[in-house]
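Colleague: I have a structure here that I would like to understand before class. Could you walk me through it?

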Amino acid sequence: MSQFYDDMKAVADELIGEFGQPITMTLKGKAAGGRDPVTGEPTAAEPDVTISGDGIKLQYKKMEVDGVSVIMGDCKLKFVGEAPVIGMITTVDGEEWRVMQPNPVTPAGTNLLYDVQLRRG
C-alpha cells in the first residue's frame, strides 16, 4: 500500500506545483538578551525559520466555519513542502496570513500534503 501513497504524493506535488503558487513561510526568531525562566541564564538569539513549497488557497465552506476554531475569513492552503508550524507568517495573493493549524494529510504514514488553516494578519 505504501507504493500507492508514494505515487499519490508525487501526483499531489506535481498538480499543486503546476496549478498552485510558490509559498514561503517564516517563523520569526527571538532576539538575544532574555532570561531563561528556569535557570535565569541569558538566552541566545534564535534565527528566523523559513520554509518553502507550493500551495493552492481555498475558502472554507460555511458549514466548516464554527466561529471558534475556524472563523469567518479564515482560508485553507493545500501545501506541499516542508512542514509548517503554528505561528508562521506567509503572503498569499498579496495578503499576509498566519498559520493556525498545519493539519498534515498522512495516510498509512506517507505525508501527502498539509491542509493548512490560515488567518489574516
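Modeller: Let us talk through salt bridges, one loop residue and the nonpolar cores.

Modeller: This is a predicted model, in which local features need pLDDT of at least 70 and side-chain atom pairs count only at pLDDT 80 or more, while totals for chains, interfaces and linings use all residues. Residues are numbered from 1 along each chain as its sequence is written, and side-chain values use heavy atoms, with hydrogens and water left out.

Colleague: OK, how many salt bridges are there?

Modeller: The count comes to eight salt bridges, a salt bridge being a side-chain nitrogen of Lys or Arg within 4 Å of a carboxyl oxygen of Asp or Glu. One of them joins the side chains of K9 and D13, at 3.3 Å from N to O.

Colleague: And where do K9 and D13 lie?

Modeller: Both lie in helix α1 (residues 2-19), four residues apart, which is about one turn of the helix; helices (H or I, at least four residues) and strands (E, at least two) are DSSP runs, numbered from the N terminus.

Colleague: Are R119 and D74 buried or exposed?

Modeller: Both R119 and D74 are buried, where buried means under 20% relative accessible area, exposed over 50%, and partly exposed in between (1.4 Å probe, protein chains only). R119 forms a salt bridge with D74, with the closest N and O atoms 2.9 Å apart. That pair links distant parts of the chain, since R119 is in strand β7 (residues 113-120) and D74 is in the loop between β2 and β3, 45 residues apart.

Colleague: Switching topic, where is K61 found?

Modeller: K61 sits in the loop between β2 (49-59) and β3 (75-81), and K61 counts as exposed because its relative accessible area is 56%.

Colleague: Now the inside: which residues have the most contacts within the largest nonpolar core?

Modeller: They are I23, M25, L77, F79, V99, V116 and L118, in a core of 13 residues. A nonpolar core is a set of buried Ala, Val, Leu, Ile, Met, Phe, Trp, Tyr and Cys residues joined through side-chain atoms within 4.5 Å. At least two residues of this core come from each of β1 (21-27), β3, β5 (95-101) and β7.

Colleague: What is V116 in contact with?

Modeller: Leaving aside neighbours within four places in sequence, V116 is in contact (heavy atoms within 4.5 Å) with C75, K76, L77, F79, P84, V99, Q101 and P102. Apart from the largest core lies another, of five residues, among them A12, I16, V80 and L113.
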